[in-house]
Amino acid sequence: MLIIAQELCLDCGGCVPLCPVEGLFLSFEDLFCDQALCTLCGACPEFCPVRAITLELKDAV
């Protein structure tokens, strides 16, 4: 699951075009992720200059 810390996010939008499945979007100046589309590729957390985006990987059962 992709976690966005809204209190840290600068709403710069720089991560949005990096998403290969167009799962990130800005709405009313807040960043959101469509979790159904997210493939956990790691492009957005790698880009984020303030580390507002993190991946939560669950253990396989």
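**A nonpolar core, a hairpin and two cavities**

The largest nonpolar core holds 12 residues in all: Leu2, Ile4, Cys9, Cys15, Cys19, Leu24, Leu31, Cys33, Cys44, Cys48, Ala52 and Ile53. Such a core is a set of buried Ala, Val, Leu, Ile, Met, Phe, Trp, Tyr and Cys residues joined through side-chain atoms within 4.5 Å, where buried means under 20% relative accessible area with a 1.4 Å probe, protein chains only. Two elements, β1 (2-4) and β3, give two or more residues to this core; strands are DSSP runs of E with at least two residues, numbered from the N terminus. The model is predicted, so to speak of local features pLDDT of at least 70 is needed and side-chain atom pairs count only at pLDDT 80 or more, while totals for chains, interfaces and linings use all residues. Residues are numbered from 1 along each chain as its sequence is written, and side-chain values use heavy atoms, with hydrogens and water left out.

Strand β3 deserves a look of its own. In a regular strand the side chains alternate between the two faces of the sheet. Along β3, Leu31 and Cys33 point to one face and are buried, while Asp30 and Phe32 point to the other and are not. Strand β3 (residues 30-33) runs antiparallel to strand β2 (residues 24-27), and four bridges join them; strands pair if DSSP finds at least two bridges between them. Phe25 stands opposite Phe32, and Leu26 has Leu31 as its bridge partner. The two strands form a hairpin with two residues between them, and Phe28 in the turn has a positive phi of about 50°. Leaving aside residues up to four places away in sequence, Leu31 touches Ile4, Gln6, Cys9, Asp11, Cys15, Val16, Leu24, Phe25, Leu26 and Ile53, contact meaning heavy atoms within 4.5 Å.

Leu31 also lines a cavity, the second largest, along with residues including Cys9, Phe47 and Ile53. A cavity is a set of points on a 1 Å grid over the protein atoms alone where a 1.4 Å probe fits but cannot get out, and its lining residues have an atom within 4 Å of a point. Grid points are joined across faces, edges and corners, and a volume is the space filled by probe spheres set on the points. Two cavities of 30 Å³ or more were found in the whole structure. The largest has about 80 Å³ of space, and the second largest about 70 Å³. Of the 14 residues lining the largest, Cys19, Pro20, Cys38, Cys41 and Cys44 lie nearest its centre.

Terms used: On a 1 Å grid over the protein atoms alone, a cavity is a set of points where a 1.4 Å probe fits but cannot get out, and a pocket is an open set with protein on both sides within 12 Å along at least five of seven lines; lining residues have an atom within 4 Å of a point. Buried means under 20% relative accessible area, exposed over 50%, partly exposed in between (1.4 Å probe, protein chains only).
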